[in-house]
Amino acid sequence: MTPPFSRRQFLNMVGAAGGSSAVLQAGIALGLIPSGAAAHTPRADLLNLGSQGRRVVILGAGISGLTCAYELERAGYDVTIIEASNRIGGRNLTVRRGDVIDEMGNPQVCEFDDHPNLYFNCGPARIPAHHENLLHYCKVLNVPLEVFVNVNYHAWVQDPEAFGGRPVRMREYIADARGFMTELISKAVNRADFDAVFSDLDAERLLGFLRAYGDLDENNLYKGSRRAGYASGGMTEAPTLKTPLDFSEILKSSFWRFRMHWGEGEDQAAPLMQAVGGNDNIVKGFVRNIASPIITGAPVQSIRLREDGVDVVYDRGGKAELISADYCFNCIPKHLLHGIPNNFPKEYLTAMANVGRGKLFKIGLQMNERFWEKENIYGGITWTNQEVEQIWYPTHGIHGNKGIMLGAYVFNDQTNDLFARMTPAERIALAIENGEKIHPGYGSHVENGVTVAWHRMNYLMGCTAQWTEEARQRYFQTLQRPTGRHYLIGDQISYHPGWQEGAISSAHHALADLDRRVRAEQGETADV
Ligand SMILES: Cc1cc2nc3c(=O)[nH]c(=O)nc-3n(C[C@H](O)[C@H](O)[C@H](O)COP(=O)(O)OP(=O)(O)OC[C@H]3O[C@@H](n4cnc5c(N)ncnc54)[C@H](O)[C@@H]3O)c2cc1C
């Protein structure tokens with residue numbers, strides 16, 4: 001039987017009724033759109049309310065709050081943003097000369113030289129190529145991007161437990177580790193117990209694979225590889241291969257645990273990008289394109305849900321101000337929100353209390369010369385098992401006079417606490433002590449620095465919500481659903497905490513829900 005309309009006509013009807021997100025879902029169901037596209041929350045596509053706009057209050061000028069403001073304003077909503085800090089952007093923070101780091105007990109003023117290349121991304125540094133919502137905003141907000149070097153095989157791997165603490169080039173470590181592993185496997189391929197699994201042809205192909213993967217010789221032996229870099233020669237003189245590293249030393253180093261594969265993770269794989277001149281240019285791009293008031297220095301003091309709206313009281317210069325809105329979007333970190341007087345339902349508060357508060361620590365150091373370039377290092381990361389965990393070399397400003405280097409980026413909770421207890425001067429001293437083991441003379445290049453313990457930053461007191469599997473199962477949907485007319489947003493309410501894409505996707509998810517409600521109320525009669 002011929003269907004009454006084609007699948008294309010059906011999708012057009014779905015689009016007219018439900019917008020682009022409905023088309024996406026219907027298209028996936030009909031097999032017309034690959035389901036991989038479903039992994040991404042569709043961009044906001046809100047019914048334009050024109051002159052009938054509802055009043056919305058947005059709490060927190062983080063990336064998710066700014067996304068909501070930008071989209072709602074365009075759809076005719078009357079928007080106000082309330083931000084506790086004197087600064088807009090939340091965890092998206094880039095510092096330059098004169099900027100203040102508002103860390104509890106350790107306020108600092110950045111003393112970098114005044115130069116466009118001398119800035120430090122204290123928060124977001126990387127923009128992965130598949131973070132398509134973030135990239136969309138960079139494009140429409142005119143935020144120029146450049147390629148960011150994440151993995152650099154010329155950078156160092158250093159571990160006090162291996163190679164006598166001597167740093168080795170990442171290329172050498174990886175090439176030799178692969179060579180040794182593949183040689184071992186190739187020896188096993190001819191053994192009888194493989195017969196059940198492999199045909200002779202499979203085994204031959206597997207040996208070919210191992211030779212290529214590990215750079216083995218025709219006898220399936222690893223005798224070093226040019227992938228590890230030459231010991232000498234290679235241009236006008238005959239090259240000499242490096243002697244392979246000692247395999248037991250390779251195993252002793254913990255680099256193989258996760259750092260060796262770092263650049264293969266979906267969010268870490270090349271190519272990555274950064275905003276030219278500092279990643280806070282994304283925040284500035286939003287601010288340039290948002291006309292609604294952003295009230296800064298205004299900590300929210302209470303939130304009351306009403307049947308037909310939300311009342312928010314905030315502090316403005318010591319005076320309590322009330323704002324009543326039809327809807328509220330809120331990116332205040334849940335561990336802080338929990339303590340603000342409210343009338344949220346009990347299950348909502350329980351859910352908030354059961355999601356952990358992450359910690360991260362970074363140091364930015366102004367170096368009087370770009371000494372790393374003399375070691376053939378241009379961008380990327382050196383990994384160490386010392387306290388600082390990582391040293392990053394700036395991708396931008398190549399061959400300039402000075403540079404801002406990342407002198408520490410700490411993931412480990414105990415080490416985060418260790419750094420947090422120190423003064424900024426003590427933190428920098430420890431970073432120099434660590435750096436000397438990798439780059440002798442490191443300390444002599446340090447002119448000044450900034451240190452940021454994110455779990456002590458005012459109005460944030462943490463980062464990267466820590467969801468256990470159990471918490472995900474029990475509480476995620478409770479927090480993702482609106483409670484009355486209040487939406488909790490931010491990367492904290494996403495499966496991508498610690499990424500701006502998670503923050504934006506969560507904003508889009510909440511906006512789509514609001515849009516459904518408003519369309520239902522309006523009966524689709526608004527000016528479009
Ligand atoms: C060290 C570090 C590295 C990172 N690296 C990357 C990266 O490479 N790439 C990437 O994409 N992302 C990265 N991120 C994550 C990224 O910064 C976040 O995902 C994003 O900025 C979070 O935005 P948000 O809207 O969820 O809220 P937040 O930025 O957390 O904003 C919350 C806002 O609420 C405000 N607030 C708090 N209390 C109150 C109150 N009482 N009243 C009013 N306002 C209040 C705060 O001041 C803040 O502005 C990194 C973050 C950190 C810290």
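## The ligand shell

Helix α14 is the largest contributor to the shell around the ligand, giving 4 residues. The structure described here is a predicted model. Of the 39 residues around the ligand, those that come nearest are Gly-60, Gly-62, Ser-64, Gly-90 and Gly-490. Two elements give two or more residues to this shell, namely α2, which spans residues 63-74, and α14, which spans residues 500-522.

Sorted by class, the shell around the ligand consists of 21 nonpolar, 12 polar and 6 charged residues. The ligand lies between domain 2 and domain 3, because both of these domains give residues to the shell. Domain 2 is made up of the segments 44-87, 282-355 and 471-522, while domain 3 comprises 94-154 and 359-456.

## Packing of the two shell helices

The two helices named above for the shell, α2 and α14, also pack against each other. Their axes are 8 Å apart and enclose an angle of about 40°. With that angle, α2 is therefore oblique to α14. The crossing in which α2 passes α14 is right-handed.

## The sheet β15-β16-β17

An open sheet is formed by 3 strands in the order β15-β16-β17, and the pairing is antiparallel. Its edge strands are β15, residues 300-306, and β17, residues 319-325, each of which pairs on one side only. On average, neighbouring strands of this sheet are turned by 15° against each other, with direction ignored. In general, the strands of a sheet pair through backbone hydrogen bonds, in either a parallel or an antiparallel manner.

Strand β16 covers residues 309-316 and is joined to β15 by 6 bridges, the two strands running antiparallel. Within this pair, Leu-305 stands opposite Val-310 of β16. Between β16 and β17 there are 7 bridges, again with an antiparallel course, and here Asp-315 stands opposite Ala-320 of β17. A hairpin is formed by β16 and β17, with 2 residues between them. Gly-317, which is in the turn of this hairpin, has a positive phi of about 60°.

## The sheet β7-β13-β8

Another open sheet of 3 strands has the order β7-β13-β8, and its pairing is antiparallel. The edges are occupied by β7, residues 127-128, and β8, residues 145-148. Each of these edge strands has a single partner strand, so one side of each is left without a neighbour in the sheet.

Strand β13, which spans residues 272-275, is joined to β7 by 2 bridges, and the two run antiparallel. One residue pair in this contact is Ile-127 with its bridge partner Met-273 in β13.

## Backbone features in loops

The peptide bond from Ala-270 to Pro-271 is cis, with omega near -5°. Pro-271 belongs to the loop between β13 and α6, the latter being residues 247-252.

A further backbone feature concerns Phe-163, which is not a glycine and yet has a positive phi of about 55°. Phe-163 is placed in the loop that runs between β9, residues 156-158, and β10, residues 168-169.

## Other helix pairs

Helix α9, residues 346-353, packs with helix α13, residues 469-480, at an angle of about 120°. The axes of α9 and α13 are 9 Å apart. The angle between them means that α9 is oblique to α13, and α9 passes α13 in a left-handed crossing.

Helices α4 and α5 form a further packed pair, with α4 at residues 170-189 and α5 at residues 200-214. Their axes are 8 Å apart, at an angle of about 165°. As a result of that angle, α4 is roughly antiparallel to α5. The crossing of α4 and α5 is left-handed.

Technical notes: Residues numbered from 1 in each chain as written. Predicted model: local features only at pLDDT ≥ 70, side-chain atom pairs only at ≥ 80, totals over all residues. Near = placed C-beta within 6 Å. Nonpolar A, V, L, I, M, F, W, Y, C, P; charged D, E, K, R; others polar. Domains from an automatic or database assignment. Pairing = 2+ DSSP bridges. Axes fitted to C-alpha atoms, helices over the stretch in contact; angles between N-to-C directions. Parallel < 35°, antiparallel > 145°, perpendicular 65-115°, else oblique. Left-handed = near helix turned anticlockwise from the far one by under 90°.
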